[in-house]
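Please read the sequence and the model side by side. The text below goes through charged pairs, then confidence, then one loop position.

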Amino acid sequence: MSDAPTATAFAPGKVNLGLRVSALRGDGFHEIDTLFATLDVGDVVHVRRAGPRVHGRIHDARGEAADGDLPPLDGDNLAATAAVAWRSAADPDGPGIEIVLEKRLPVAAGLGGGSSDAGAVLRALQALAGPDALPAAALHDLAKGLGSDVPFFAAGHPAARGRGRGERLRPVDLPARWGVVLRPPVAVSAGEAYRALGGFGPPIPWDAVQAAWAAGDAPRWRNDLQPGVGRLHAPVRAALAALREVGVHAPILSGSGATCFALADDEGHARRAAAALAGDHPDAWVRPVRVPASAGDLTPQIAGP
């Protein structure tokens, strides 16, 4: 990468602390009502304004090169697509964009990894160029065009209520709690999960969910996609059962899956439960997590000349 300043942005994973699915919209998407919350585990994105084009490379969790250049135009990598879209909207005649993506989250997991990478790229570019480079409303519209979850990650909220496709956001103040995420060795696409939807549930009592969370209790939440995904994928059913068996609370499928989340009593409980699950399920991706991440974690940091 060049000598230009670098913005480093954390791209957190997320869990859905409840998900209601309702009417099919005219654009082919369902109306949803959910509570997004970021995790303290995720990818890391480094961005510079340099060169003639959008390009970069992906590293795995150990920092080893993987997959060569990010595709700049064909949409195979949402981080690169976000960079191209931002440059076109904010500074089409300016320098290109260099990206290094440290990939730590599993893909097709219900953790928002690709959407979070895109949101982190947008936050990093705004930090480099200044908030007036792309006004907040324009940034939101750009993020919305990239994917349903991207506006949440681009906004940098630790937690938010999401409605519409998930793009209508209201920040929510949640105290940090500890939990465990367990991703069984199966991939679930969002399309598959929605096709398996059995019906529409009643509204979720969000005030009660938030009150229980704040009190340290187990909220009575639900994910309307969970029954259908569970019917299709025995490993998801097994993951939810495994969380119950190690004594963590209120296990729930995150988004369209396959990752499942449950609450722990405290950090020690979360770490002990995660260690037990990792030992019993060596093919699964298991982490103790703090939810939500702090606002400071989501603020891009700029280094260099």
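In this predicted model, the side chains of Arg104 and Glu102 form a salt bridge, with nitrogen and oxygen 2.5 Å apart. General chemistry covers the pairing: side chains of opposite charge can pair when their charged atoms come close. Arg104 has a relative accessibility of 37%, so it counts as partly exposed.

A search of the whole structure returns 11 salt bridges. Another of them links Glu31 and Arg25, whose side chains meet at an N to O distance of 3.1 Å. What is the accessibility of these two partners? Glu31 is at 24% relative accessibility and is therefore classed as partly exposed. Arg25 has a relative accessible area of 22%, and because buried means under 20%, Arg25 too is partly exposed.

A further salt bridge is found between Asp297 and Arg290, with 3.2 Å from N to O. Asp297 is partly exposed, its relative accessible area being 32%, and Arg290 is partly exposed at 24%. Which residues are joined with Arg290 and Asp297 into one network? Asp40 belongs to it as well: salt bridges with shared partners connect Asp40, Arg290 and Asp297.

Confidence comes next. Across the protein the mean pLDDT is 92, and 94% of the residues reach 70 or more. Residues 62-69 are a stretch where pLDDT stays under 50. For this stretch the model has 11 contacts beyond four places in sequence. Where pLDDT is low, the predicted coordinates should not be read in detail. The contacts of residues 62-69 are thus to be taken with that caution, because pLDDT is the predictor's confidence in each residue.

The last stop is a loop position. Ser254 is located in the loop that runs between strand E9 (249-253) and strand E10 (260-263). Is Ser254 buried or exposed? With a relative accessibility of 1%, Ser254 counts as buried, because the cut-off for that class is under 20%. What does the side chain of Ser254 reach? The side chain comes to 3.1 Å from the backbone oxygen of Gly110. Gly110 also appears in the list of residues in contact with Ser254 once neighbours within four places in sequence are left aside. That list further holds Lys14, Val15 and Asn16, together with Asn223, Thr259 and Cys260. Of these, Cys260 lies at the start of strand E10 (260-263).

Note on methods:
Residues are numbered from 1 along each chain as its sequence is written. This is a predicted model: local features need pLDDT of at least 70, side-chain atom pairs count only at pLDDT 80 or more; totals for chains, interfaces and linings use all residues. Side-chain values use heavy atoms; hydrogens and water are left out. A salt bridge is a side-chain nitrogen of Lys or Arg within 4 Å of a carboxyl oxygen of Asp or Glu. Buried means under 20% relative accessible area, exposed over 50%, partly exposed in between (1.4 Å probe, protein chains only). pLDDT is the predictor's confidence in each residue, from 0 to 100. Contact means heavy atoms within 4.5 Å. Helices (H or I, at least four residues) and strands (E, at least two) are DSSP runs, numbered from the N terminus. A polar contact is a pair of N or O atoms within 3.5 Å; within protein, one must be able to donate a hydrogen and the other to accept it, and residues adjacent in sequence count only if both atoms are side-chain atoms.
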